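Let's take a relaxed walk through a protein model. Have a look at the picture below, and then we'll stop at a few spots together.

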Amino acid sequence: MSELTEAEKTVYDVAILGAGFAGSMLGAILARNGAKVLLVDAKAHPKFAIGESTIPNMLVSLRTMADRYGVPELLTLSTLTACQKIISPWHGMKDHFAFLNHQEGKEQDPMQVTMFNFPSLLHETPHMYRQDTDAYLFYAAIKYGCTARVNFTIADVDFDDAGVTVSSTRGEQFRSRYVVDASGYRSPLAEKFQLRDDPCRFKHHSRAMWNHFINVPSTDDVFRRTGKDKPPVPFYSGTVHHLFPRGWFWVIAFNNHKDSRNPLCSIGLTMDEKKYPKEPGVSPEEDFWKHAQRFPGIAAQFAGAEPMREWVATDRVQYSSKRTVGDRWVLLAHAAGFVDPLFSRGLSNTCEAVNVLAWRILRAVKDDDFSAERFNGVEVRQQALFDGNDKLVHAAYNSFEDNGLWTAVFRIWAWGSNAGTFRAHEAYRRWRSTGDERHLIELEEVKNPGLHWSDHEGYAELFEDMVKQCDDFAAGRITGQEASDALYDHLNRAPFVPAHWGWKDRNLRFINPTPFKIGRTMLWAATQAPPEVRRLMLGFLREAGKEFVLGRKIF
């Protein structure tokens with residue numbers, strides 16, 4: 001038997017399985033705050049990964065964690081400028097979410113476009129080139145003191161009363177007091193404890209395929225729009241979604257900014273595998289092009305594009321777990337479950353999960369108590385995020401067949417996401433001002449933790465109405481017109497939804513928060529909005545004004 005290395009002799013506070021985005025981020029936070037951390041991965045960086053699109057809520061989470069845990073590298077990830085200057089010039093820009101609805105065999109109808117572009121008060125947000133961002137986090141974790149092992153294939157994770165033994169197929173053994181499984185779908189702990197739901201509990205069904213391409217035509221060159229049909233910002237400057245009945249293609253460009261040196265564009269297809277089952281003997285590439293060719297506009301979007309990697313394809317992409325925490329262990333992020341990349345919730349939910357987990361681990365290290373009960377808040381938050389996202393995505397797929405209904409779903413999702421971002425920023429702002437962590441923890445103790453706007457009952461009722469109307473439409477109990485009428489009636493009755501951005505105008509295709517519209521909305525907030533909305537929006541405006549005077553943007 002070979003002599004133990006110093007690393008093997010060490011008893012670590014935490015062993016993290018998986019050194020991707022979630023594992024490396026958590027490792028950096030824990031090591032920065034004094035924990036002894038072992039970080040292992042079956043592969044080595046750089047590693048191909050998708051989940052490249054960011055959303056404002058995620059950026060607030062990153063800024064909160066950067067300050068809360070003293071890890072400025074997380075702040076770097078929150079802006080395109082920092083990503084390009086500090087990490088690499090291989091990231092794209094994201095100015096908006098754009099959705100173009102398509103019907104088979106027909107040219108794309110300019111009236112069936114929806115877009116929400118981000119206010120100019122915000123920093124430019126990135127399309128993350130994940131092999132660079134994940135490696136950046138990995139090396140930050142090492143800098144803060146993590147012991148790292150790559151090309152480390154797990155042979156066993158063994159638990160006893162004193163701790164955990166992590167063994168590799170090379171015969172290495174490491175001891176720790178707690179283990180975080182951030183390894184993704186092929187989770188060793190999910191397999192060991194038979195944690196996967198069989199069948200998966202989520203209502204939503206989809207399968208997916210994706211690749212990185214070069215020579216992808218700009219969406220604006222393909223869809224040359226003029227006059228009122230022209231979007232306020234270019235399609236290609238943000239995340240483009242090509243919708244069709246029960247499926248969608250994504251276009252996430254890394255080459256859409258003047259400072260980018262990356263020629264690649266991330267492209268993928270996700271669709272209901274019950275409606276579009278895999279055909280035997282058909283390759284992922286053939287499958288992709290078969291469906292792209294059904295829609296003239298989508299075929300033109302990808303004309304001449306060349307894939308640069310091996311295709312990745314899945315069967316049903318959804319999976320869920322019975323539990324995500326136990327004595328001395330936790331399944332983190334994609335080790336616990338996955339729904340669908342629509343609405344870019346994956347990275348945002350990962351950041352939320354890391355934030356609610358990290359401070360609990362640090363306290364457990366101090367108290368030497370790693371019982372499951374201490375991590376119940378992580379269980380509640382993670383499972384709620386999965387279930388809430390399942391409801392949202394399932395409703396959206398149901399709505400794709402009726403553009404009017406889709407525009408209502410789009411508005412309910414987008415306003416909730418915006419209001420939730422304001423709420424998260426308020427908690428961050430109050431904590432930064434007072435140092436009282438209760439402002440952050442109170443957002444973990446909410447009635448609807450699966451929603452971005454998690455502590456507003458009125459929005460939760462609107463969200464559930466959206467789910468019901470879309471389910472009724474899909475089941476044939478009502479028409480798309482009836483479902484969309486009901487949701488727009490609810491939107492127009494809701495006192496917490498501002499009118500001036502266009503959330504209540506079913507005919508407005510481009511929700512474009514110009515300074516004039518922001519001013520009118522803030523006047524509404526000051527004079528007509530319910531108190532909780534007034535507090536959120538005016539607090540955000542005051543902070544934005546301070547930052548503007550200092551020549552900065554708010555986040």
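Which residues does arginine 196 touch, not counting residues up to four places away in sequence? Keep in mind that this is a predicted model. The neighbours of arginine 196 are Gly184, Tyr185, Ser187, Ala190, Tyr319, Ser320, Ser321, Lys322, Leu331, Ala335 and Ala336. To find arginine 196 yourself, go to the loop between α7 (188-192) and β11 (207-214).

Arginine 196 is buried, and yet it has no salt bridge. Its nearest side chain of opposite charge belongs to aspartate 181, 7.1 Å away. A salt bridge would need a side-chain nitrogen of Lys or Arg within 4 Å of a carboxyl oxygen of Asp or Glu. What the side chain of arginine 196 does reach is the backbone oxygen of tyrosine 185, at 2.8 Å.

Stay in that loop for a moment, because between α7 and β11 you also come across proline 199. The peptide bond leading from aspartate 198 to proline 199 is cis, with omega near 10°. Another cis peptide bond joins histidine 45 and proline 46, and here omega is about 0°. Proline 46 sits in the loop between β2 (37-40) and α3.

Now for two residues with a positive phi, neither of them a glycine. Here they are next to each other:

| Residue | Phi | Loop | Relative accessible area |
|---|---|---|---|
| Asparagine 215 | near 60° | between β11 and α8 (219-222) | 48%, partly exposed |
| Phenylalanine 343 | near 75° | between β18 (329-331) and α11 | 1%, buried |

Next, the empty spaces. How many cavities of 30 Å³ or more does a search of the whole structure find? There are five, and the largest has a volume of about 340 Å³. That largest cavity is lined by 21 residues, and those closest to its centre are Ser61, Glu352, Arg381, Ala424 and Leu443. The elements giving two or more residues to this lining are α3 (56-69), α11 (345-367) and α13 (403-434).

Then there are the pockets. The second largest pocket has a volume of about 230 Å³. Its lining counts 14 residues, with Asn403, Gly404, Thr407, Arg506 and Asn507 closest to the centre. At least two lining residues come from each of β5 (113-117), α13 and α16 (480-493). Which element gives the largest share of the lining of this second largest pocket? That would be α13, with four residues.

Conventions: Residues numbered from 1 in each chain as written. Predicted model: local features only at pLDDT ≥ 70, side-chain atom pairs only at ≥ 80, totals over all residues. Heavy atoms only, no water. Buried < 20%, exposed > 50% of the residue type's maximum accessible area, 1.4 Å probe, protein only. Lys, Arg positive; Asp, Glu negative; His and termini not counted. Polar contact = N/O pair within 3.5 Å; in protein donor to acceptor, adjacent residues only side chain to side chain. Contact = heavy atoms within 4.5 Å. 1 Å grid on protein atoms, 1.4 Å probe; cavity = no way out; pocket = protein on both sides within 12 Å on 5 of 7 lines; lining within 4 Å. Points joined across faces, edges and corners; volume = space filled by probe spheres on them.
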